[in-house]
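User: Could you walk me through some of the labels people put on a structure like this one? I'd like to hear the reasoning behind each.

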Amino acid sequence: MLVGANLLRRLLRSQLSADDGGTGFIITAIHHLRPQYSTTTEFSDEGNSENKKESKWFTLPPFAKTVSASELGAKLARKNHLKSATSAETSAYKTTALKWVLKCCPELPRNLVQKLFRLRQVRRESIAMEVTDDGCQVQKIQLKRVGAKDSLNIGDKIFLPISVREVPEEKHEHDCTNEESNFIRSLELYKDTAIIVLNKPPGMPVQGGIGIKWSLDELAAAWLRYDYSESPRLVHRLDRDCSGILVMGRTQMSAAILHSVFREETLGASKHKRYWALVIGSPRRPKGTISAPLRKVVVDDGKSDRITVFEHNNTILSSQRAITEYRVIKTSTHGFTWLELSPLTGRKHQLRVHCAEVLGTPIVGDYKYGWQAHRRLQNLAESDLRKNSNEKVAKENMLPFGLNMDSGSILEKQLRLHLHCREMILPNVSQVLQNPKSFTDDDLSKLKSLEIVAPLPSYMQKSWDILNS
């Protein structure tokens, strides 16, 4: 026992005195000693080789075989983008350093993790075998910098600065009243272990920004986490003035799968979302497909921008491709038409521009792309409609966060945007995530979908009732 202890000390002294141009973990394996002397560990930061001060790191679990959210999302979207079963299986065992850190540490803000990579403070262990003067094998584990997009192999370990464990948890508490928090929870249309679906009210932005006091993503983080350690994550977006179905993933995995589902369905031109819109005028055909590329143009000397149809078809970029299917639901003698719109691509303001510039029927309340039609409509709204309607102009009925969903119908001078995400078909991600590795392609194809329907906001329902009276 004494010989073993002396040998162990000599090995450590020789290794510590070696000038290798860097430092790292040193794990010495002495095979002929008893188990209690089989390994010993010393730790120091390779970036501080001058003074060799002890450094502390937070070690993540070794990278192991995981389910690829993008591959699973592609399968759930019923697409055949996988090259082969082998490539799909291989890609399921690959990931980047950034994705692994986010998966292991969902409580860390994404921007903080990205900053750690930019500052080159994230390490991956590198193993090398050496033989000492005493003839013993030495396993030297150095920590080398790793980039955010670097691929990991099975068994790789990632090390973060120990200071990340001291980062205070993001506080999502807002100075909300009970009425406000209850209002946010009243927006829920559906909830399971993987997703939360909200009926977004018009006028509330989905994401925060400059000058925005309340946003749905922040309010959901504060009031829709329930007993989860992670905050709900957005997987798609709606315009501020648009209403209807908004899907959020309750975990990082479910959000990543749904991101992939939306991306694959967009690429495959799948009708998984249906909007209802009230437009001014009527399309020439009762149904059809609009394929008109879009681009952004700057107006007002650079003070603002708008989306418009791009006429030069020979130089279309894939990012400008925009396709919408439409169907007439109901026409009115007052010059309005209810349309069902199915966007097959996801461009900014796609439905609004396609209705205004291609069909020639701008959406009611869309002054940005249909202001001329609204000027012509003004006299009609004040005379003909009110004479033939028993509806009264809505009084101010303010909801929490300054929202008002009663005013803005076609009876009023100031019209609200009549565009509502009414129906959405989603895969049952919660069922798949119960045991994702056991699901075969055949099982996924037989998986029942979730059909979500969001009722119209009050002012759109009033417009519907008025035109049907």
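Analyst: What follows is a set of short answers about a predicted model.

User: Start with the whole chain. How many helices and strands does the chain have?

Analyst: There are 14 helices and 20 strands in the chain. Its accessible surface comes to about 25,100 Å², and 47% of that belongs to carbon and sulfur atoms. Of the 469 residues, 47% count as buried.

User: What share of the contacts with a separation of 6 or more comes from residues 24 or more positions apart?

Analyst: That share is 69%. One pair far apart along the chain is L339 and Y275: they are 64 residues apart in sequence, yet their C-alpha atoms are separated by 8.1 Å.

User: What makes L339 buried or exposed?

Analyst: Buried means under 20% relative accessible area. L339 has a value of 0%, so L339 is buried. The residue is found in strand β18. Leaving out residues up to four places away in sequence, L339 touches a long list of residues, including Y275, W276, R327, I329, C355 and T361.

User: C355 sits in α9, right? What makes α9 count as mostly covered?

Analyst: Yes, C355 is in α9, and C355 is buried there. Seven of the nine residues of α9 are buried, and that is what earns the helix its "mostly covered" label. The buried ones are Q350, L351, R352, V353, H354, C355 and A356. After α9 comes G360, with a positive phi near 75°.

User: And just ahead of that helix, what is notable about the phi of H349?

Analyst: The phi of H349 is positive, about 55°, although H349 is not a glycine. H349 is found in the loop between β18 and α9. With a relative accessible area of 13%, which falls under the 20% limit, H349 is buried.

User: Y226 has a positive phi too. Why is Y226 called partly exposed?

Analyst: Partly exposed is the range between the buried cut-off, under 20%, and the exposed cut-off, over 50%. Y226 is at 36% relative accessibility, so Y226 lands in that range. Its phi is about 55°, again although the residue is not a glycine. You'll find Y226 in the loop between α7 and β11.

User: Since you mention α7, why are α6 and α7 called roughly perpendicular?

Analyst: Two packed helices are described by the angle between their axes and the distance between the axes. For α6 (residues 178–186) and α7 (residues 216–223), the angle is about 105° and the axes are 10 Å apart. Angles of 65 to 115 degrees count as roughly perpendicular, and α6 and α7 therefore get that label.

User: Which residues of α6 and α7 meet?

Analyst: From α6 it's S181, I184 and R185, and they meet L216, L219 and W223 in α7. By class, this contact has four nonpolar residues, one polar and one charged.

User: Next, H236. How do you know whether H236 is buried or exposed?

Analyst: H236 is at 6% relative accessibility, and the buried cut-off is under 20%, so H236 counts as buried. H236 is found in the loop between β11 and β12. Not counting residues up to four places away in sequence, H236 touches I245, L246, V247, F262, K273 and M424.

User: What makes the pair of H236 and V247 a polar contact?

Analyst: The side chain of H236 reaches the backbone nitrogen of V247 at 2.9 Å. A polar contact calls for N or O atoms within 3.5 Å, so this pair meets the distance limit. N404 does something along these lines: its side chain reaches the backbone nitrogen of D406 at 3.0 Å.

User: Where is N404, and is it buried or exposed?

Analyst: N404 lies in the loop between α11 and β19. At 8% relative accessibility, against a cut-off of under 20%, N404 counts as buried.

User: One last loop residue: why is L108 called buried?

Analyst: L108 is at 7% relative accessibility, and buried means under 20%, so L108 qualifies. L108 is found in the loop between α4 and α5. Setting aside neighbours within four places in sequence, L108 is in contact with V113, L160 and V164. L108 and R165 are 57 residues apart in sequence and 9.0 Å apart in space, C-alpha to C-alpha.

Terms used:
Residues numbered from 1 in each chain as written. Predicted model: local features only at pLDDT ≥ 70, side-chain atom pairs only at ≥ 80, totals over all residues. Heavy atoms only, no water. Axes fitted to C-alpha atoms, helices over the stretch in contact; angles between N-to-C directions. Helix = DSSP H or I, 4+ residues; strand = E, 2+ residues; numbered from the N terminus. Parallel < 35°, antiparallel > 145°, perpendicular 65-115°, else oblique. Contact = heavy atoms within 4.5 Å. Nonpolar A, V, L, I, M, F, W, Y, C, P; charged D, E, K, R; others polar. Buried < 20%, exposed > 50% of the residue type's maximum accessible area, 1.4 Å probe, protein only. Polar contact = N/O pair within 3.5 Å; in protein donor to acceptor, adjacent residues only side chain to side chain. Areas by Shrake-Rupley, 256 points an atom, 1.4 Å probe, with all protein chains shown as cover.
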